[in-house]
Amino acid sequence: VAESTMMPMQKFAAKVSYRNANKIYVRVAKIDQVQLKKLSEKYYNEELYEKILKLATSVYEQNHQLPVDKDFNQHSVEILLEGLPVGYYILLVSDNEGFSCRNAMAAYQEFRVSGISYVTQKVDNGAQRFIVMDRSTGWPLSGVSCQSWYTKYSYSGRRYVRKNGPIYTSDKNGMVVLKATSAGQNEQWSMDFRKGADFLSTENTYYAAKTDNPVYARINTTFFTDRAIYR
């Protein structure tokens with residue numbers, strides 16, 4: 001288990017759970033996200049894993065000796081992995097050098113390496129505000145291309161298809177506002193952020209529909225008790 005997004009060119013940790021194993025083999029590989037999605041829609045379980053194994057291009061491999069307690073219980077260790085440039089990757093872990101899943105232990109996890117991060121805030125009129133930031137420093141990123149999109153079910157194709165919305169560009173404060181659609185529309189929007197070779201997509205979806213809720217001004221009064229700190 002590792003985080004879904006890593007910092008570029010920085011080492012990162014992954015947690016491996018095991019039982020009755022004394023050695024694991026680890027492969028970090030580059031993979032095309034679009035091709036991986038297509039495979040996931042068509043194949044399952046061992047067949048999907050074997051397709052992924054063929055599709056992924058190995059970047060580096062490691063092997064690790066595991067503590068053996070001989071108690072037949074599940075244990076966990078953390079392994080340290082090398083930093084990577086921006087891109088989309090897959091982490092493969094197995095108890096055999098060939099990374100076979102047939103009568104053997106094998107697991108995988110997808111992850112992205114990106115220097116982009118973001119926070120979101122709902123706006124009173126139903127719009128969604130994004131603040132795009134540098135993942136390392138927290139400073140706002142300007143000039144980031146932000147492609148909005150949502151999925152819609154296609155009855156003819158019997159599957160969900162992607163529908164692109166407006167493209168925005170983050171301002172000097174790293175801000176972009178996903179404009180609210182008409183009231184009653186219930187699309188769940190996502191956002192793709194791109195700056196040069198770096199790319200990040202939102203993990204969650206967001207509603208951006210106009211609301212009829214009136215905005216009120218509120219006045220709050222705070223009373224401080226008689227304590228020496230206020231004198």
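Here are some worked exercises on the predicted model shown above.

**Exercise 1: Salt bridges**

Find out how many salt bridges the model holds, then work out where three of the pairs sit and how open their side chains are to the surroundings.

*Solution.*

Step 1. Start with the idea behind the search: side chains of opposite charge can pair when their charged atoms come close. With a cut-off of 4 Å between a side-chain nitrogen of Lys or Arg and a carboxyl oxygen of Asp or Glu, the count comes to five salt bridges.

Step 2. Take lysine 11 and glutamate 82, whose closest N and O atoms are 4.0 Å apart. This pair links distant parts of the chain: lysine 11 is in the loop between β1 (5-6) and β2 (12-18), while glutamate 82 is in the loop between β5 (75-81) and β6 (87-94), 71 residues apart. Lysine 11 is exposed, at 52% relative accessibility, and glutamate 82 is partly exposed, at 36%.

Step 3. Now try lysine 37 and glutamate 41, a salt bridge with an N to O distance of 2.6 Å. Both belong to helix α1 (residues 33-42), and because they are four residues apart there, about one helical turn separates them. Lysine 37 has a relative accessible area of 52%, so it counts as exposed. Glutamate 41 has 45%, so it is partly exposed.

Step 4. Finish with arginine 102 and glutamate 50, which meet at 2.8 Å, N to O. Arginine 102 lies in the loop between β6 and β7 (106-113) and glutamate 50 in helix α2 (residues 45-55), so this salt bridge ties together parts that are 52 residues apart in sequence. Arginine 102 is partly exposed at 48%, and glutamate 50 is partly exposed at 28%.

**Exercise 2: An open sheet**

Work out the order of the strands in the sheet that contains β8, β9 and β12, and say which strands stand at the edges.

*Solution.*

Step 1. Recall that strands of a sheet pair through backbone hydrogen bonds, either parallel or antiparallel.

Step 2. Look at the pairs. Seven bridges join β8 to β9, and these two run antiparallel. In this pairing, isoleucine 116 stands opposite aspartate 134 in β9. Strand β9 (residues 128-134) also pairs with β12, in the antiparallel sense, over four bridges. Here glutamine 128 is opposite leucine 178 in β12.

Step 3. Put the pairs together and you get an open sheet of three strands in the order β8-β9-β12. β8 (116-122) and β12 are the edges: each has a single partner strand, so one side of each is left without a neighbour in the sheet. From one strand to the next, the twist averages 25°.

Step 4. Zoom in on β12. In a regular strand the side chains alternate between the two faces of the sheet. In β12 (residues 175-178), Val176 and Leu178 point to one face and are buried, whereas Met175 and Val177 point to the other and are not.

**Exercise 3: Strand β3 and its partners**

How many residues of strand β3 are buried, and which strands does β3 pair with?

*Solution.*

Step 1. Check the cover: six of the eight residues in β3 (residues 23-30) are buried, so the strand is mostly covered, given that buried means under 20% relative accessible area.

Step 2. Find one partner: β3 pairs with strand β4 (residues 57-65) in the antiparallel sense, over eight bridges. Alanine 29 has serine 58 as its bridge partner in β4.

Step 3. Find another: β3 and β6 pair over six bridges, again in the antiparallel sense. Lysine 30 stands opposite tyrosine 89 in β6.

**Exercise 4: The surroundings of a loop residue**

Where does valine 86 lie, and which residues does valine 86 touch?

*Solution.*

Step 1. Place the residue: valine 86 is in the loop between β5 and β6. At 27% relative accessibility, valine 86 is partly exposed.

Step 2. List the contacts, leaving out residues up to four places away in sequence: valine 86 touches Pro8, Lys30, Val113, Ser114, Gly115, Ala197 and Asp198.

Step 3. Set sequence beside space: valine 86 and phenylalanine 111 are 25 residues apart in sequence and 11 Å apart in space, C-alpha to C-alpha.

**Exercise 5: Cysteines**

How many disulfides does the whole structure hold, and are cysteine 101 and cysteine 146 buried or exposed?

*Solution.*

Step 1. Search the whole structure for disulfides: the result is zero.

Step 2. Check the two cysteines. Cysteine 101 is buried at 14% relative accessibility, and cysteine 146 is buried with a relative accessible area of 0%.

Note on methods
Residues are numbered from 1 along each chain as its sequence is written. This is a predicted model: local features need pLDDT of at least 70, side-chain atom pairs count only at pLDDT 80 or more; totals for chains, interfaces and linings use all residues. Side-chain values use heavy atoms; hydrogens and water are left out. Buried means under 20% relative accessible area, exposed over 50%, partly exposed in between (1.4 Å probe, protein chains only). Two strands pair if DSSP finds at least two bridges between them. A disulfide is a pair of cysteine sulfur atoms within 2.5 Å. Axes are lines fitted to C-alpha atoms, for helices over the stretch in contact, and angles run from 0 to 180 degrees between N-to-C directions. Contact means heavy atoms within 4.5 Å.
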